[in-house]
Amino acid sequence: MNRPNRLAKETSPYLLQHAHNPVDWYAWGDEALDTARREDKPILVSIGYAACHWCHVMERESFEDTETAQFMNEHFVNIKIDREERPDLDHIYMDAVQAMTGSGGWPLNVFLTPEGKPFYGGTYFPPRPVHHRNSWREVLAGVSNAFRDRRKEVEQQAENLTRHVATLGSFDIGAGKEEPGSGKKAGSGKEPGPGEDPGNIFQPATLQQATDQLMAAADKEEGGFGAAPKFPQTFSIRFLLNQYYFTRDKSVLDQACLSLDKIIRGGLYDQLGGGFARYSTDREWLVPHFEKMLYDNALLITTLSEAYQLTRKLVYREAIERSIEFIERELGNKEHGYYSSLDADSEGIEGKYYVWDKAEIDLLLGQDAALFNTYYGVTSEGNWEGKNILTRTAETPSEPVARGILQTARQRLLERRNTRVRPALDDKILLGWNALLNIGLSKAYAALGNDRYRQMAIANMDFLRSRFKGEGVYHYHHAFKGEARVPAFLDDYAALISALLHLQEITGNGDYLIEAKHLLQFVIRHFSEPDTGFFLYTHEGQKDILLRKREIYDGATPSGNSMMASNLLYLGIVFDEREWTKRASRMAAALHRPVISYPGSFGVWATIFQALAYTIPEVVITGHRPENARKEFLSHLIPYRVFQSSQEENTQFPLLRDKPAGQDPLIFVCQNYACQLPVNEVATAIRLVENVYKISVPNVQ
């Protein structure tokens, strides 16, 4: 093994994976940047993450090769970045590579001038030329020669590219990011500014246009959207669930449920241990990219919870329960924080931990193997590279005995799997991803009524409040070293605020609202972009980046701006801050063309359009014991509403003023603070809410 390099002092599992490379890696910081300027060398920035399969491949092929490392050390200042630790840097340099090449991904390798400006880059490079693709050594030599022999040309390219990256995310949105799963470029044309009157943008007809676009991209046979590789696209599914609620168009509900059903039956879902992999490499959801990310599972739990509220399908309930069990078992720590991910590889082989030989199953299960193999599609030939990825190829047996046999068999195989060499754990605890899980736990409690999920959400929030705050709020906490590092980014704050809003709904604790308000005011002061009403990704005081960017696309996770727009709407109503609700409306209106044309890239924005088009009811429950009524109310899907509950009259919040609390619960349904007469029954209140929307929602259970 090589002597450790500078990365041995880091806490990121991804950086530590490279601590024994012969490459003289630096972490991002003053030391590396000062060295580049002093020695007048170009910078190689290589970005990845711990669960990235192709990052591991390139490390084995190139970064562990002594001759390659020697060339890199001689000609470059080499910097390794964990994209999850520094998403701000990843955003900047990913945009640069996408602008140069038309595509992006990880590992991301980008070359910078000594001043940190990008001029060339790409993703994975092989050790030898293949399929008209240059080898990594050829790329290194070419870049080094260009920097030495054509310096002015390189610097001009870097200046032009930096200016271009700075404009991405502006209202001229047609700059080359693809709509997930479609291959289409997202958006084009000048958008109206947030200061302009939204006019008649937020109308059901507008939403129907977005629905038509989404349904045109939908796979009507296998679920999901677009061709392989297929991502769950939970925001699009949630939009369709909401759209069914508002329009009673059963085709959109069918597509949403088809997508979830196919995902759960396929290899993306871990049939033994619960939880979901990141994406499917094929149309049929059979072969996953086996890494498991906290944020994917959080977002799927949220989506499944809303689907269950609408349909009461038991398969959704089971997937929620088993996925939360997976997160507790494999990603949780004793302090109620949750780690980032599990690797795709085990013993250097992708998926090895999760796949099976039929002979091994037959030996373990004996006479029960026939039923198990039929249900999960197990054959001697296998369904992937001679092995079996477990999928549900048959309907769930109706007989209790057969269901019991399957449950016992799953447990036996899971116990055997636990003896295998496990995939590596990325033990970073990220604020934003934990907040997304917190939202998922609140949603799961609302849908299923399991108080354990409510307690998990409360305990996780206590952990986040205690470990991620210091002089400010931090993005990343290392579980074992006890360090909070890197100032929080916009999406961290936005997700945390949203989690506090959901938590107050399931607890009735107004302190969460006060904390959310303070955080919102902090974000407005320190992240606002002058003249646009949007928010920049980084704090105004952060100095170690090339430029401050605005992120508006809803990608694998919601954009900070879409979450902030939702937070502004909610808290603007709770605290009667009209300027906050107006700002949210102007933000959404500024994006109306791309949201309508490319809803797959703006899925959370599209749900905000639904709220603004169909109005936002305000619901209040008062009473000395509001718990049962609150629990019953929350079990229903109402796509966007403001909800508070209180055991006593409370003048601190405008919606709770002049609403008495007696022995029996009273439920107030309001709109713009004008309330109807209170009712005692939740079912009656639900009908009043539907009347606010001027719809009658059929029972689809």
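Visitor: How many residues does the largest nonpolar core have?
Guide: This model is predicted. In soluble globular proteins, nonpolar side chains tend to be buried together. Here F111, W136, L571, W605 and F633 have the most contacts inside the largest nonpolar core. The residue count of that core is 194.

Visitor: Which helix gives the most to this core?
Guide: The helix in question supplies twelve residues to the core. It spans residues 431-448. That is helix 16.

Visitor: How many residues are in the other core, which lies apart?
Guide: A36, L89, V97 and L547 are among its members. They lie apart from the core that holds W605. The other core has 24 residues.

Visitor: What is the strand order in the open sheet of five strands?
Guide: The pairing in this sheet is mixed. Strand 1 (25-27) and strand 5 (118-122) each have a single partner strand, so they stand at the edges. The order is 1-3-2-4-5.

Visitor: Do strand 2 and strand 3 run parallel or antiparallel, and which residue stands opposite V45?
Guide: Six bridges join strand 2 (residues 43-48) to strand 3 (residues 77-82). The two strands run parallel. Opposite V45, in strand 3, stands I79.

Visitor: What angle does the direction of helix 2 make with that of strand 3?
Guide: Helix 2 (residues 30-39) packs on the sheet. Helix 2 touches strand 1, strand 2 and strand 3. Its direction makes an angle with that of strand 3 of about 155 degrees.

How values were computed. Residues numbered from 1 in each chain as written. Predicted model: local features only at pLDDT ≥ 70, side-chain atom pairs only at ≥ 80, totals over all residues. Heavy atoms only, no water. Pairing = 2+ DSSP bridges. Helix = DSSP H or I, 4+ residues; strand = E, 2+ residues; numbered from the N terminus. Contact = heavy atoms within 4.5 Å. Axes fitted to C-alpha atoms, helices over the stretch in contact; angles between N-to-C directions. Core = buried A, V, L, I, M, F, W, Y, C linked by side-chain atoms within 4.5 Å. Buried < 20%, exposed > 50% of the residue type's maximum accessible area, 1.4 Å probe, protein only.
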